[in-house]
Amino acid sequence: MKRSEINEILREGQAFIESFGFVLPPFAHWREEDWTSRKETCSEIFRAGLGWDITDYGLGDYGKTGLFLFTVRNGRQEDLASGKGMLYAEKIMISKKDQLAPMHYHESKAEDIINRGGGDLAIKLYHSNDEGELDRERKVTVFTDGVERRFSAGDILRLKPGESVTLLPRVYHAFWGEGKDVLVGEVSTVNDDHVDNYFLNPIGRFPDIEEDESKHRFLVGDYEALQ
């Protein structure tokens, strides 16, 4: 992706998030000079991977296959292993109309996916079999706002604004916005996007960036250069 494309996506995305009254933390607004002057105090932001995250999954067509994310908070893997401490994470995301977040599952993360507003959020569901492939026979049981629902493999769950679903580990899911762009919340156990995303088809989680203009905002993938 070109940095100019990312910058435009960021401007539009931030305006979309804020149009729903979701207030982002102060560091969401920092420019390069702010990061440079404050980086010594930001080790927890870097450690947790907090902040802006835009991906085209390495496929080069963000409008067709991509996702816009902002990680608000994220716990520690060592706490998750011990069962006490900071065991949780939170994201705010944008799933654009007809834009696919590809089929994947998580080995350890459980998550609530929440439609915070906009169009419907469509989620295609399968179980993973022992080989990490789609189980095309097994029914999928999920809870939508505490209500048990059962789906045949490959069925599509549609969440309207205000609705949510709990997805447990090893449940394959792909999702997209229907009708309009969707503001999506995610509340989960500790998140590790480097090792706990298992995609059905081999793709990249983070984009390669062509630096054709200066950064409007730093992405999570830009932090390495600051440390």
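User: Which element gives the largest share of the lining of the second largest pocket?

Analyst: In general, rolling a probe the size of a water molecule over the atoms shows where empty space is left. A pocket here is an open set of points on a 1 Å grid over the protein atoms alone, where a 1.4 Å probe fits, with protein on both sides within 12 Å along at least five of seven lines; lining residues have an atom within 4 Å of a point. In this predicted model, local features need pLDDT of at least 70, side-chain atom pairs count only at pLDDT 80 or more, and totals for linings use all residues. Residues are numbered from 1 along each chain as its sequence is written, and side-chain values use heavy atoms, without hydrogens and water. The largest share, three residues, comes from S7. Strands are DSSP runs (E, at least two residues), numbered from the N terminus, as are helices (H or I, at least four).

User: Which residues line the second largest pocket?

Analyst: Among them are His-127, Arg-138, Phe-143, Thr-166 and Val-171. S5, strand S7 (140–144) and strand S10 (164–167) each give two or more residues to this lining.

User: How should a nonpolar core be read, and which residues have the most contacts inside the largest one?

Analyst: In soluble globular proteins, nonpolar side chains tend to be buried together. A core joins buried Ala, Val, Leu, Ile, Met, Phe, Trp, Tyr and Cys residues through side-chain atoms within 4.5 Å; buried means under 20% relative accessible area with a 1.4 Å probe, protein chains only. The largest core has 29 residues, and Trp-35, Trp-52, Ile-54, Phe-68 and Tyr-223 have the most contacts inside it. Helix H1 (3–19) is one of the elements that give two or more residues to this core, and its four residues are the largest share.

Terms used
Buried means under 20% relative accessible area, exposed over 50%, partly exposed in between (1.4 Å probe, protein chains only).
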